Amino acid sequence: MAKLNMLWLALEAIPGAEAVIAEWHMRLADDFESVGSLLRPTDRIAGGYPAPPANEGLPYRVVQHGPDDFVAVPPEGNEIVELVRMDVLIHQIDHRMLAKEIAVAFGFAPAFDPVPNLPCAWRVGEIKAATGAQVAVHLVLPLESADLQRAIEAIAAQNGEAGVIVAPTRGFLRPQGESLLRLTKGHFIALVDALPNRDGDRWLVTDESARLLDAYLDPSRSSAEEPLCERSQLMLMAMLELEAVDSDRRKTTEEVVLKACGKTADANALKGVMAELKKIGLVESKRGSGGGYWLTDSGRSRASKLNRV
């Protein structure tokens with residue numbers, strides 16, 4: 001079993017998913033062996049080169065002395081690094097191959113069509129809803145939250161609704177984007193959560209992501225959700241408003257209770273509610289100093305539905 005997590009993080013950390021091979025190695029770490037085949041060299045020479053780990057700081061400047069003779073010059077003080085042409089060529093993700101891998105993993109009918117005027121978005125396939133309608137699937141590799149917002153708007157305008165939007169993480173999905181997805185009947189898939197592993201040539205979709213996609217394509221499947229008491233509903237909606245949607249943005253019980261019930265509420269009295277939400281898989285938690293709660297994919301979906309009521 002090989003990991004894919006570092007790939008999804010790298011795709012949002014490296015502008016345009018283009019960098020010298022050394023930076024890809026640094027970003028992908030141990031995952032490089034399993035996903036390096038997605039990289040393709042261009043004919044463009046980089047102007048900068050990442051500083052060695054021992055000399056963390058500003059990128060080195062690339063200087064060419066001959067057809068296959070380059071050096072990376074540090075900003076100050078450190079030794080130069082001798083390089084060859086392949087070291088300084090910019091390598092980029094093969095977007096077509098990436099799209100095909102994602103389509104095969106989810107069972108989409110694959111396609112590859114750039115979205116007009118959106119260099120960060122591609123139509124990568126379609127999937128059939130329970131009604132028989134074909135739902136478009138788009139891959140978006142945003143550099144900032146505005147890119148993702150524009151992509152959702154453009155795709156919805158072109159197709160009538162957003163359909164399935166796939167992106168490396170939820171990092172650039174802001175409340176405005178989530179609201180727009182709801183309004184345009186879209187479904188968001190964060191690949192870091194949905195495709196964390198591969199087994200040989202197979203990229204493995206998590207059970208929860210597959211279930212959420214099935215529920216989107218056939219809403220009748222989610223009609224038998226376990227009922228929630230009013231306080232549980234308030235806590236879920238408060239967590240969504242607080243953007244507690246992953247472990248990095250977790251919130252304490254006290255913060256959630258303040259948002260949900262106001263200053264007069266007793267946070268200790270509502271800890272049992274949080275425990276019950278965790279038991280049924282709607283929230284996750286981290287214990288100890290700096291700990292807190294965040295919504296799972298199921299919790300986000302449930303909270304979004306409650307907000308629409």
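Welcome! A good place to start is Ser232, which, leaving aside its neighbours within four places in sequence, is in contact (heavy atoms within 4.5 Å) with Val273 and Leu277. This is a predicted model, in which local features need pLDDT of at least 70 and side-chain atom pairs count only at pLDDT 80 or more, while totals for chains, interfaces and linings use all residues. Residues are numbered from 1 along each chain as its sequence is written, and side-chain values use heavy atoms, with hydrogens and water left out.

**The chain as a whole**

- The chain has 13 helices and 17 strands; these are DSSP runs numbered from the N terminus, with helices being H or I of at least four residues and strands E of at least two.
- Its C-alpha trace spans about 70 × 50 × 35 Å along the principal axes of the chain.
- Of the 309 residues in the chain, 46% are buried; buried means under 20% relative accessible area, exposed means over 50%, and partly exposed lies in between (1.4 Å probe, protein chains only).
- Taking contacts in the chain between residues at least 6 apart in sequence, 54% join residues at least 24 apart.

**Around Ser232 and helix α12**

- Ser232 is found in helix α10 and is buried, with a relative accessible area of 5%.
- Both of the contacts named at the start, Val273 and Leu277, belong to helix α12 (residues 271-279), where Val273, Met274 and Leu277 are buried.
- Seen down the axis of α12, the buried residues fall within an arc of 100 degrees, so they line one face of the helix; the arc is that of the directions from the helix axis to the C-beta atoms.
- As general background, an α-helix has 3.6 residues a turn, so residues three or four places apart point the same way.
- The packing partners of the buried residues of α12 are α10 (230-241), α11 (253-261), β16 (283-286) and β17 (292-295).
- Gly281, just after α12, takes a positive phi of about 85 degrees.

**The five-stranded sheet**

- An open sheet is formed by five strands in the order β9-β10-β11-β12-β13, with mixed pairing; two strands pair if DSSP finds at least two bridges between them.
- At the edges are β9 (109-115) and β13 (187-190), each of which pairs on one side only.
- On average, neighbouring strands of this sheet are turned by 25 degrees against each other, direction ignored; the axes are lines fitted to C-alpha atoms, for helices over the stretch in contact, and angles run from 0 to 180 degrees between N-to-C directions.
- Strands β9 and β10 (residues 118-128) run antiparallel and are joined by five bridges, and Val115 has Leu118 in β10 as its bridge partner.
- These strands, β9 and β10, form a hairpin with two residues between them, and Asn117 in the turn has a positive phi of about 65 degrees.
- Strand β11 (residues 134-140) pairs with strand β12 (residues 164-167) in the parallel sense, over three bridges; here Val137 has Val164 in β12 as its bridge partner.

**Strands β4, β5 and β6**

- Two bridges link strand β4 (residues 48-49) to strand β5 (residues 60-66) in the antiparallel sense, with Tyr49 opposite Tyr60 in β5.
- On to strand β6 (residues 69-73): β5 pairs with β6 in the antiparallel sense over five bridges, and Gln64 stands opposite Phe70 in β6.
- A hairpin is formed by β5 and β6, with two residues between them.

**Nonpolar cores**

- The largest nonpolar core has 40 residues, and those with the most contacts inside it are Trp8, Trp24 and Ile102; such a core is a set of buried Ala, Val, Leu, Ile, Met, Phe, Trp, Tyr and Cys residues joined through side-chain atoms within 4.5 Å.
- Helix α5 (residues 95-106) gives the most to this core, with five residues.
- Apart from it lies another core, of 23 residues, among them Met235, Leu236, Leu240 and Ala260.
- Leaving aside its neighbours within four places in sequence, Trp24 has contacts including Ala10, Leu11, Phe32, His91 and Ile93.

**Cysteines**

- The structure holds zero disulfides, a disulfide being a pair of cysteine sulfur atoms within 2.5 Å.
- Cys229 is in no disulfide, and the nearest cysteine sulfur, that of Cys261, is 10 Å away.
- Cys229 counts as partly exposed, at 41% relative accessibility, whereas Cys120 is buried, with a relative accessible area of 12%.
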